[in-house]
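Reader: I would like to learn how to read a few features of a model like this one. Please take them one at a time.

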Amino acid sequence: MSQWISTLLKILTIFFSISQPITTHAQPKFPCKPPHNTYPFCNTSLSIPNRAQSLISLLTLQEKIQQLSNGVNPIPRLSLPAYQWWSESLHGIATNGPGVLFNGTIKSATSFPQVLLTAASFNRTLWFSIAKAIGIEARAMYNVGQAGLTFWAPNINIFRDPRWGRGQETPGEDPMVTAAYAVEYVKGFQGQFGSEGDGGFSEKRVLEGSENGEGLMLSACCKHFTAYDLEKWGNFSRYTFNAKVSKQDFEDTYQPPFQSCIEEGKASCLMCSYNQVNGVPACARHDLLQKVRDEWGFKGYITSDCDAVAIIYDYQNYALTPEDAVADVLKAGMDINCGTYLLLHTESAVKQGKVQQKDIDLALFNLFSVQLRLGLFDGDPEKQQFGKLGPRDVCTNEHRNLALEAARQGIVLLKNENKFLPLNKKRVASLAIIGPAANDTSKLGGGYTGIPCNPKSLLEGHRDYIRDTSFATGCLNVSCDSKDGFKEAIHVAKEADVIVVVMGLDLSQETEDHDRVSLMLPGKQMDLVNAIAHESKLPLILIIMGGGPLDVSFAKEDPRIASILWVGYPGEAGGQAVADVIFGKFNPGGRLPVTWYPESFTSVPMNDMNMRADPSRNYPGRTYRFYTGEVVYEFGHGLSYSSYAYKFFAVPDRISLSGSFIKTDLYKKSLYERKYGLNYVYINEVASCDALRFYVHISVLNNGDMDGSHIVMLYSREENKFRGVPQKKLVGFTRVHTESYKATEASILIDPCKHLSTVNERGIRILSLGYHVLMLEGVEHPILVKT
């Protein structure tokens, strides 16, 4: 009995230690304080590997095991304080997870738009700037003991199915866009170089670290690795779902964002997901986790999603015992478990011979190396590079304006009949705004939101323009299960010169652990819109909030609904941003980063991971690259108050893959293969992809009365159509400022190995010979790729 009580007390101690958030201090607790600064791991003149190995050598087995959880207990004898690895920063410092507290000197942080809306800006510079601002606020919060240094963002899974509850957190459905966002977020947040494109920050550096780039302002984490995009649908749950993915889809859709995040972004953390990938838990996929290190050059730590190790035994029944589950993940390459499972079962796994201390030591080496790169063992943080950041660097006017700009650039004008918008403020005496989210700032953020600095509702934003703005909820909540508020809403609408109806989604409809089953507006929202349109006799402005695509075909085709805007979850400045667009202070230019499907798409099984269409089983495919069915609005759709025309004015006509461009030992082999009908080149045969790169120079003419920033989207399609080739794919994008009735030049860099290549059925990347057609809206240019 005494042994049982002792075990129970041990478990309770572990539970309470990992679940306790960081205690708020005027300054964070840190190691290597005098007189404990004489250890080799405190010696900044030594290399990071040597310092990490030194620290590992000083720990007992039990102390080592204590490091394998997100909540780490202190080790007083070495003066090592407690540390919490789990903090969140998806689109601002969030309250999810125990690493962040808003109960100290800092009470709030800037809430930027949810990622999907920010992605709709298609602006790399903006993405980098937002991440940089979030990073500054995060480091400031660390300096006052209200956050850690390791944050688990961004979410770079592909928004594969429109019903997915977490699609709002991602940059959308396109792998190239998602990869580009990942790179900019990680670089900005960790304190590295920004993008050279779009007038980027290539000449500016946030972090003046060492020449080899080891130093970090913060640590960003690319998640969820991999093929994770289902919460709960039918009998399928993210905790037990086996994602069955073809080699072709795996390499051309699911993996590219993670590869770019690591190779180009230099992310210092990777999170493995709950689901299985082709029958093996993601956190136990030794082949995938080692490829990340061996081939992609990953230098960081790998964490599980929370309790993702426990479910390997408890729910998935993949492991025979808890000790086997621990052995599976540690030997696969996972370093830390969000949760208690490794704390509880690693020691017994060692005693049973299933885990060796070298497995644990390798995990600790990866963990300590990241902490060392963050300066955690360099002494007093106030005396370090970022030690002066504090409360004055949070919720600044600069960050507020950046949040406003992000929301304005992301807003998508879906419909604008007879140029109903923009409104002329001088011609509007009264305005009605209707909808349960219109006067609720808690609806502005979406998932993984913190406490915003100074949120402004849509109602407040419109009142800044029209003082006589009235409001009615119309529905009691976003679910809109009854018509109880219809009468009041119709009355308010009839009294106004202009009517704005705010409909769409909130976190009751889409969120973590909750997928949608329908693409229609929730409840009786459509009935409310139709009732107001019928009774008011005035054209309506329909604002759609939320992340997931909606079937608003009724509004698209209804002439009574003059304009439709998608505003996503626009963040704390959303109220002002939406009003600025409606009244023409800002010329909208955002484009949809996802396809908006009709309701009939819900007959497609959400658990089917195949991207390509399969007519033999009436499977329509997924995303704009492969989907063959009807759409409500296509990927990339977005109107402006101006109209634009394009012209290619400098672009090559051909790319020649002569012997100098093919690796010498493979050139004869490739010639032989093409002699007998193979019409492609393996990318790994190309000697120098950099030598093949070229710029596409484009003239963009603004034919409207308003200046505006405009997104140029360059697509390609292959004339040589082998099995599974995309219908078209985005190969480049940029956002340029244009002046009314003037032409502006845009330049897009094309890397044929990356942008013009595709993946065959064996999962091998190839470059097709023959014509590749570059496409802008209404303009095409063929390029011949030949040997």
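Author: What follows goes through a pocket, a helix, the nonpolar cores and a loop residue. Keep in mind that this is a predicted model.

Reader: Let us start with empty space. How much space lies in the second largest pocket?

Author: The general idea is that rolling a probe the size of a water molecule over the atoms shows where empty space is left. Here, the second largest pocket holds about 700 Å³ of space. Its lining has 33 residues, and G638, L639, S640, S642 and S643 are the closest to the pocket's centre.

Reader: Which strands supply at least two residues each to that lining?

Author: These are β11 (412–416), β17 (644–650), β21 (708–718) and β26 (770–776). The largest share comes from β21, with three residues. By type, the lining of this pocket divides into 14 nonpolar, 13 polar and six charged residues.

Reader: Now a helix. What span should the 17 residues of α13 have?

Author: Helix α13 covers residues 357–373, and at 1.5 Å a residue it should span 24 Å. Its end C-alpha atoms are 24 Å apart, so the model agrees with the expected span.

Reader: How many residues of α13 are buried?

Author: As a general point, an α-helix has 3.6 residues a turn, so residues three or four places apart point the same way. In this structure α13 is mostly covered, with twelve of its 17 residues buried. Among them are D359, I360, A363, L364 and L367, along with the run from F368 through S369, V370, Q371 and L372 to R373. After the helix comes G375, which has a positive phi, near 80 degrees.

Reader: Which residues touch the most other members of the largest nonpolar core?

Author: A nonpolar core is built from buried residues joined through side-chain atoms within 4.5 Å. The largest one here has 214 residues, and W152, I532, V552, W566, W596 and L730 touch the most other members. Helix α5 (residues 124–143) gives the largest share of this core, ten residues. Another core, of 30 residues, lies apart from it and includes V681, I683, L756 and V779.

Reader: What does W566 touch?

Author: Leaving out residues up to four places away in sequence, the contacts of W566 include L116, L117, A120, I411, V412, L414, P593 and W596.

Reader: Last, the loop between α1 and α2. Is K29 buried or exposed?

Author: K29 lies in that loop, between α1 (2–19) and α2 (48–57). Exposed means over 50% relative accessible area. K29 has 52%, so K29 is exposed. The C-alpha atoms of K29 and D380 are separated by 9.0 Å, although the two residues are 351 residues apart along the chain.

Technical notes
Residues are numbered from 1 along each chain as its sequence is written. This is a predicted model: local features need pLDDT of at least 70, side-chain atom pairs count only at pLDDT 80 or more; totals for chains, interfaces and linings use all residues. Side-chain values use heavy atoms; hydrogens and water are left out. On a 1 Å grid over the protein atoms alone, a cavity is a set of points where a 1.4 Å probe fits but cannot get out, and a pocket is an open set with protein on both sides within 12 Å along at least five of seven lines; lining residues have an atom within 4 Å of a point. Grid points are joined across faces, edges and corners, and a volume is the space filled by probe spheres set on the points. Helices (H or I, at least four residues) and strands (E, at least two) are DSSP runs, numbered from the N terminus. Ala, Val, Leu, Ile, Met, Phe, Trp, Tyr, Cys and Pro count as nonpolar, Asp, Glu, Lys and Arg as charged, and the others, Gly among them, as polar. The expected span of a helix is 1.5 Å times one less than its number of residues. Buried means under 20% relative accessible area, exposed over 50%, partly exposed in between (1.4 Å probe, protein chains only). Contact means heavy atoms within 4.5 Å.
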